[in-house]
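Hi there,

Here is the structure I promised to pass on. Please have a look at it first, and then read my notes below.

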Amino acid sequence: MVSIDLFRDGMARLAGAVNLITTDGRMGFAGITATAVCSVTDQPPTLLTCINRSSYAHAIFSANGVMCVNVLAADQQDVAQLFANRNISMPDRLARIATHLLATGSPALDGALVSFDCRIVQQHPLGSHDLFIGEVQAVTAGHGAAGLTYFQRNYHPVGCPSLAQATG
């Protein structure tokens, strides 16, 4: 088996889209920055994200049973950093962003490239994390042209804004 450090160094070379995963409901608001998001199937439209069980937000996502996967635009690095900062309370984080509610009541981030509003239909433990599988209830596409990725432990824009603006 490989060491944790070797694995983490290898994963730093795997570029990933940066997402803000949000929830709201009877247990209140929570949001996390995540690159561990992927499509599962389109029949029914389903995706998954992974949340560390030691995270304060884990219990809130689990109890609320809903989540919104907000794919961040290139100019939203500050949002990614805000929700990755454990020293800022959830209410303070929420107060610093603009959102609107979708079908499940989860907050969709204003300015996101796209927001996938999901009902959590399954939760599976694996190692230190749980896989949250969400059935998509609504999709809201934004107007941004460039996305935000995380690669080599830094944020990077991806996409071609000038081409998207010319054809949009």
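The notes that follow cover a pocket, a helix and a set of paired strands.

One thing to keep in mind while you read is that this is a predicted model.

**The pocket**

Let me start with the largest pocket, which holds about 1,700 Å³ of space. Its lining is made up of 43 residues, and those closest to the centre are Thr33, Ala34, Thr35, Ala36 and His129. If you want to find the walls by element, these are the ones that give two or more residues to the lining: the helices α1 (4–11), α2 (56–64), α3 (77–84) and α4 (90–95), together with the strands β3 (30–34), β5 (45–52), β10 (129–141) and β11 (147–151). As for chemistry, the lining of this pocket divides into 26 nonpolar residues, 13 polar ones and four charged ones.

**Helix α3**

Which residues of α3 are buried? They are Val79, Ala80, Leu82 and Phe83. These residues lie on the same side of α3, because the arc they cover around the axis is only 165°. As for what they pack against, the buried residues of α3 meet the strands β2 (19–23), β3, β8 (107–109), β11 and β12 (154–158), as well as α4.

**The strands around β10**

Strand β10, which you have already met in the pocket lining, pairs with β5 and with β9. With β5 it runs antiparallel, joined by seven bridges; within that pairing, Thr46 has Glu135 of β10 as its bridge partner. With β9 (residues 114–126) the pairing is also antiparallel, and here there are twelve bridges. In β10, Phe132 is the residue that stands opposite Gln123.

The strands β9 and β10 form a hairpin, with two residues between them. Gly127 sits in that turn and has a positive phi of about 60°.

**A closer look at Gln122**

Gln122 belongs to strand β9. Is Gln122 buried, exposed or partly exposed? Its relative accessibility is 40%, so Gln122 counts as partly exposed, the class between the 20% and 50% cut-offs. Apart from neighbours within four places in sequence, Gln122 is in contact with Leu131, Phe132 and Ile133. Gly134 is twelve residues away from Gln122 in sequence, and their C-alpha atoms are 7.1 Å apart in space.

Happy to go through any of this with you at the screen.

Best wishes

Key. Residues numbered from 1 in each chain as written. Predicted model: local features only at pLDDT ≥ 70, side-chain atom pairs only at ≥ 80, totals over all residues. Heavy atoms only, no water. 1 Å grid on protein atoms, 1.4 Å probe; cavity = no way out; pocket = protein on both sides within 12 Å on 5 of 7 lines; lining within 4 Å. Points joined across faces, edges and corners; volume = space filled by probe spheres on them. Helix = DSSP H or I, 4+ residues; strand = E, 2+ residues; numbered from the N terminus. Nonpolar A, V, L, I, M, F, W, Y, C, P; charged D, E, K, R; others polar. Buried < 20%, exposed > 50% of the residue type's maximum accessible area, 1.4 Å probe, protein only. Arc of directions from axis to C-beta. Contact = heavy atoms within 4.5 Å. Pairing = 2+ DSSP bridges.
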